[in-house]
Amino acid sequence: MASIAREPNGRRTIQFIGADQRRRSIRLGKVSHKVAETVKIHVERLASATLMGHVVDDDTARWLDRLDQDFYEKLAKVGLVPRRERATLGAFLDAYIAQRTDAKPRTIINLKQARNYLIKRFGEDYPLRAVTPGDADAFRQWMFGIVGENTARRHCGRAKQFFRAAQRKRLIGENPFADMAGCGVRANKDREYFLSLEDAYKVLAACPDPEWQLLFALARFGGLRIPSEAVELRWQDIDWENRKVLVRSPKTEHHDGKGSRTIPLFPELVPYLEAVRRQAQEGEEFVLPNRRNQNANLRTRLTKIIRRAGLKPWPKLWQNLRSTRQTELADQRYPGHVVCAFMGNSQAVAQKHYLQVTDDHFHRAASEPTAPVDDQGGAKAVQIPVHQGAPSRVKDDQTISTAHKNTAVLTTFEPSWSPENGQTVPPRGVEPLFSG
């Protein structure tokens, strides 16, 4: 049992018997009796857990998480809790990234980039527990000022991931990024670009070798993710007889059943695949062995190739090639689920990030009438169907809708009354003149 001792100067102290049967004291300073009672209850639970060797209850565990470093140290000095690691931001982030042996190389690069931004903002030796939700908000605004919106969003999401791991290790009481919303990528239609076939072949002609031509063709005509899916392509994945290609997808392999997909051997790909196959060494496993260097900056090299072709580099070089192909396939009247199966994404993702509205769509809509036209190219008059219940005199040459055989289409209407007969309005309405 623990007790509360009150000193003459108003300060309070918690006293208890430790596991070594010695009296221990924890000075609280000038606090209310209610606060002292709360501390006393938790001290009793911690002393019991230490003596009996069991785990403390969830309420006391949460109370420990909320304690600041100084008071936690007082509990550690009297043997109630283990020493808390005084984690610094730099040391924790480095340790976390080092232990992510499950992550892909690209993921590690992204984590290191987020780590560098956090260090640049707070410093290597900044205490992990000192980062507040207000600091997290300030970090987000700072990021928006130095990088693009989507890049800032993704790095804030990774910061949230870092601090969630620190919270699970009990190094911090709360995640300062926990309440931050909007950490996902937002579609930016202003950065969409549709690469026409004419310009695509100009780029292909400017590529320095067959492998570069095939890499570009796999993105533009095959819709593959670059580099992850293209560099994993093996010769055994190409079924020449059935005209199919197995595409391995490292990006989505952690989802059940999404580790690979099968796409058609599109005719546009065939000449570039055959050119690379002719020069491949005997026994070569990978289709693009010279492009498998993870450190190669494919974007920089493609930018130079595009300029050599006499074109201006477009935004999101590789992603817009994939977006172009998905839009193109959708325009060829393939069902949406079929196109998404070829591309390896969902219809929701395709709608948000891939499918584009192109100039050709506007041109076709402006030049191809959707209404029927007459012999002179003008729009035919619209015929209005009439409800069968209304009595009217329809001439013998009335037309019948081919889509709805039982729905009469009004062509001419001869009223049963006329001003020539001295009548200005019908004697009754249009209802029958007899009942029943």
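**Exercise 1. Work out whether phenylalanine 122 and phenylalanine 139 are buried or exposed, and how their rings meet.**

Solution. Start with the surroundings: in this predicted model, phenylalanine 122 is buried, and phenylalanine 139 is buried too. Next, look at the rings. A pair of aromatic rings is described by the distance of the centres and the angle of the planes. Here the centres of phenylalanine 122 and phenylalanine 139 lie 6.2 Å apart, with 25° between the planes. Planes under 30 degrees apart count as stacked, and that is the label for this pair. Finally, place the two residues: phenylalanine 122 belongs to helix α5 (residues 105-122) and phenylalanine 139 to helix α6 (residues 133-146), so their pairing ties together parts 17 residues apart in sequence. Both also belong to one aromatic cluster, along with Tyr117, Tyr126, Trp142, Phe163 and Phe177.

**Exercise 2. Classify the pair formed by phenylalanine 266 and phenylalanine 342, and say which parts it ties together.**

Solution. Take the geometry: the ring centres of phenylalanine 266 and phenylalanine 342 are 6.2 Å apart and the planes stand at 85°, so this pair is edge-to-face. Now locate the partners. Phenylalanine 266 sits in the loop between β6 (260-264) and α11 (270-279), while phenylalanine 342 is in helix α14 (residues 336-343), so the pair links parts 76 residues apart in sequence. Both phenylalanine 266 and phenylalanine 342 are buried. One more neighbour to add: arginine 325 has its charged end over the ring of phenylalanine 266, 4.5 Å from the ring centre. A search of the whole structure gives 14 aromatic pairs.

**Exercise 3. Describe the sheet made by β1, β2 and β3, and find the helix that packs on it.**

Solution. First the order: the 3 strands run β1-β2-β3 in an open sheet with antiparallel pairing. Then the edges: β1 (3-6) and β3 (23-29) each pair on one side only. The average twist from one strand to the next is 30°. Zoom in on β1 and β2 (residues 12-17), which are joined by 4 antiparallel bridges; serine 3 stands opposite glutamine 15 in β2. The helix you are after is α1 (residues 33-52), which touches β1, β2 and β3 and makes about 20° with the direction of β2.

**Exercise 4. Decide where to read the model with care.**

Solution. Begin with the overall score: the protein averages a pLDDT of 82, and 81% of the residues reach at least 70. Then find the weak stretch: over residues 389-417 pLDDT stays under 50. Where pLDDT is low, the predicted coordinates should not be read in detail. That caution covers the 34 contacts beyond four places in sequence that the model has for residues 389-417.

Technical notes. Residues numbered from 1 in each chain as written. Predicted model: local features only at pLDDT ≥ 70, side-chain atom pairs only at ≥ 80, totals over all residues. Heavy atoms only, no water. pLDDT = per-residue confidence, 0-100. Contact = heavy atoms within 4.5 Å. Phe/Tyr/Trp six-rings, centres within 6.5 Å; stacked < 30°, edge-to-face > 60°. Buried < 20%, exposed > 50% of the residue type's maximum accessible area, 1.4 Å probe, protein only. Lys NZ or Arg CZ within 6 Å of the ring centre and 35° of its normal. Pairing = 2+ DSSP bridges. Axes fitted to C-alpha atoms, helices over the stretch in contact; angles between N-to-C directions.
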